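Please open the structure in your viewer and keep the sequence panel beside it. The tour below suggests what to select at each stop and says what is to be found there.

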Amino acid sequence: FMTDFHFPERFNDNLADDGVKFEVIDENDNVWGVFKCRLIDRTLPRWRTTMERIQRRYKNDNKTKLVDIRGELFVELALVDWEMKDAKGKAIPFDKQTAIAYFKHPKAAFALEYLFAMAEDVRNFQPEEQNGELPEGN
């Protein structure tokens, strides 16, 4: 016989796939930009396919370490858009290659680590009526 298992919802699928906007502000109230990120979660099929694609990309590269491509990994897994300005205050249009270049820069490490933490936290991908509370049954 079939058992009807109950699997609680950990996050909202639409928010996880479409992304949520995170404003990055540092300790000195400097605004680094607004970044729209999808959920990073190892249980999602998207996580596995992205990791496999990146592994293929670096298959014959024995020098590159995971830490070297952390920014690329983030862009591929999570980033879908941004509101960013250049040094002169002009908007920088979003595209993956520009985003990878940004996150490769050592000075972007603060924003990268902040955004990884936000994108990996399922509490940021709850329906609005939840007010940060986990859905019932969790």
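Select Gln97 and Lys104 in helix α4, and you will see two exposed residues on the face of the helix that is turned away from its buried side. The model in front of you is a predicted one, and this helix is a convenient place to begin reading it. Now add Ala99, Ile100 and Phe103 to the selection, the residues of α4 (residues 96-104) that are buried. If you look down the axis of α4, these buried residues fall within an arc of 100°, so they line one face of the helix. A general point lies behind this pattern: an α-helix has 3.6 residues a turn, so residues three or four places apart point the same way. To see what lies over the buried residues of α4, show β2, α3, β3 (79-85) and α5 (109-119), which are included in their cover.

Next, step back and color the whole chain by secondary structure, which comes to five helices and four strands. Following the chain from the N terminus, you will pass its elements in the order α-β-β-α-α-β-β-α-α. The C-alpha atoms fill a box of roughly 60 × 40 × 25 Å along the principal axes, and of the 138 residues in the chain, 35% are buried. Among the contacts with a separation of 6 or more, 59% are between residues 24 or more positions apart.

Keep the strands and hide the helices for a moment. The four strands form an open sheet, ordered β1-β2-β3-β4, with antiparallel pairing. At its edges you will find β1 and β4 (91-92), each of which pairs on one side only.

Zoom in on β1 (residues 20-25) and show its side chains, which alternate along the strand: Val20, Phe22 and Val24 are buried and point to one face, whereas Lys21, Glu23 and Ile25 point to the other face and are not buried. Then bring in β2 (residues 31-37), which runs antiparallel to β1 and is joined to it by six bridges. Two places help to fix the register: valine 20 stands opposite cysteine 37 of β2, and valine 24 has glycine 33 of β2 as its bridge partner.

Follow the chain from β1 into β2, and you will trace a hairpin with five residues between its two strands. Which residue in the turn has a positive phi? Select aspartate 29, in the loop between β1 and β2, where phi is positive at about 65° although the residue is not a glycine. For background, most residues other than glycine have a negative phi. Aspartate 29 is also exposed, with a relative accessible area of 63%.

For the last stop, bring the helices back and select Ile40, Arg42, Trp47, Met51, Leu66, Arg70, Leu73, Leu77, Phe116 and Glu120, the residues that line the largest pocket. Helices α2 (45-57) and α3 (70-77) are the elements that give two or more residues to this lining, and α3 provides the largest share, with three residues. Coloring the lining by residue type separates seven nonpolar residues from three charged ones, with no polar residue among them. The space within this pocket comes to about 160 Å³.

Technical notes
Residues numbered from 1 in each chain as written. Predicted model: local features only at pLDDT ≥ 70, side-chain atom pairs only at ≥ 80, totals over all residues. Heavy atoms only, no water. 1 Å grid on protein atoms, 1.4 Å probe; cavity = no way out; pocket = protein on both sides within 12 Å on 5 of 7 lines; lining within 4 Å. Points joined across faces, edges and corners; volume = space filled by probe spheres on them. Nonpolar A, V, L, I, M, F, W, Y, C, P; charged D, E, K, R; others polar. Buried < 20%, exposed > 50% of the residue type's maximum accessible area, 1.4 Å probe, protein only. Pairing = 2+ DSSP bridges. Arc of directions from axis to C-beta. Contact = heavy atoms within 4.5 Å.
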